[in-house]
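Colleague: I would like to learn how to read a model of this kind, one feature after another. Could we look at it together?

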Amino acid sequence: MEYVFKEMIKRRIQPNLTTFNIFINGLCKAGKLNKAEDVIEDIKAWGFSPNIVTYNTLIDGHCKKGSAGKMYRADAIYKEMLANKICPNEITFNTLIDGFCKDENVLAAKKAFEEMQRQGIKPNLVTYNSLINGLSNNGKLDEAIDLWDKMVDSGLKPNIVTYNALINGFCKKKMMKEARKLFDDIDKQDLVPNAITFNTLIDAYCKDGMMEEGFALRNSMLYEGIFPNVSTYNCLIACLCRNQKVRAAKELLVEMENYGLKANTVTYNILIDGWCKVNDSSKAEKLLGEMPNVGVKPNHVTYNTLMDGYCMEGNLKAALKVRTRMEKEGKRANVVTYNVLIKGFCKQGKLEDANRLLNEMLEKGLNPNRTTYDIVRLEMLEKGFIPDIEGHLYNISSMS
DNA sequence: TAATTCTCAC
């Protein structure tokens, strides 16, 4: 991107505001949020002013790529936009609503929904879809259904995304009958289910112990001409793995490749986890070794999964070796890496080592997450200590 | 010529 931009200048082709907005979008999608914000200065230096697209792009960048406190920064950009006398539009609010929902802050999302109407902007299909999805994902199904009705009352017709969001909500609550009813309603509304619709249901049936139903849905996909994609196979492979059928899962990987679908990192992560869960982490490590041969790149999840496998087998040495292997590949330990190792050491009663890892994690500026607290709290309870106020980390070794 | 919504893996 930078090369093309320089080339443009070299050939004396004047960039315009659109050029800069595209640039910002690229930086945001690459997670380079600070660089993206710096482009605002370039825009001004070239004699332009950031417009609504500039701000919407930056807000969405923070919503999707930001770390802790990202919605605070997204909101700050929104305020900056107002200060610069740029009026927000429906896309601004849709972006914020989705961002708040993904941040599990449904309250703020609902406030944004109210605020947009107060400003005279009518919620559109995407607005409703974002909020219905947010409510569904946060267990507020009744509110999601109410909003669906409101949406219909306002003259908007639910589309396949709306259906997928609510179906997913029912699936997460294991209300498969209701999910199925919605699925059957799709045809009646002259809508067409897509791969996401099927994948949602397949995954839910599998997780609810109805593997047969999951595979049957896969077959009806082929029948209806909606082609199963890598995610479909990942759901089914995960299903087999959960039922300890790792060999059958590996066969399914071969089948998907015969259909011309390439396994991705998730596929391998599922299979690696599958071998780990049947206490065969060395087979899992063999799979890790196969990944480069088929052009699939391991990620943090890959290594963390394998480490967890070795830890659960009590093979801490092997787990630490995986960490070294990961770091050789240029991947730094993340919170999950530490959680996995801390849990592994706790399980072996090696509290001093667990504590050393905990401190190392804090020193590196990594923020403990809920799982970290759960591990520590569980360990304390087991040792007969009563955990104090939530949110406070203890030295594990002080218990020994 | 640029910006927004739905599924799966630690």
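Colleague: How do the residues of the surface near DNA strand B divide into nonpolar, polar and charged?

Modeller: A residue is near a strand if one of its heavy atoms lies within 4 Å of it, while Ala, Val, Leu, Ile, Met, Phe, Trp, Tyr, Cys and Pro count as nonpolar, Asp, Glu, Lys and Arg as charged, and the others, Gly among them, as polar. Here the surface near DNA strand B has 11 nonpolar, 25 polar and eight charged residues. This is a predicted model, in which local features need pLDDT of at least 70 and side-chain atom pairs count only at pLDDT 80 or more, whereas totals for chains, interfaces and linings use all residues. Residues are numbered from 1 along each chain as its sequence is written, chains are lettered from A in the order in which they are written, and side-chain values use heavy atoms, with hydrogens and water left out.

Colleague: Which residues are the closest to DNA strand B?

Modeller: Of the 44 residues that surround DNA strand B, the closest are N21, N56, K102, N129 and N164.

Colleague: Which part of DNA strand B lies 3.2 Å from a polar side-chain atom of K207?

Modeller: A polar contact is a pair of N or O atoms within 3.5 Å. For K207 the partner is a phosphate oxygen of DNA strand B, while a polar side-chain atom of T200 lies 3.2 Å from a sugar or linking oxygen of that strand.

Colleague: How many helices and strands has chain A?

Modeller: Helices (H or I, at least four residues) and strands (E, at least two) are DSSP runs, numbered from the N terminus, and chain A has 22 helices and zero strands.

Terms used. A polar contact is a pair of N or O atoms within 3.5 Å; within protein, one must be able to donate a hydrogen and the other to accept it, and residues adjacent in sequence count only if both atoms are side-chain atoms.
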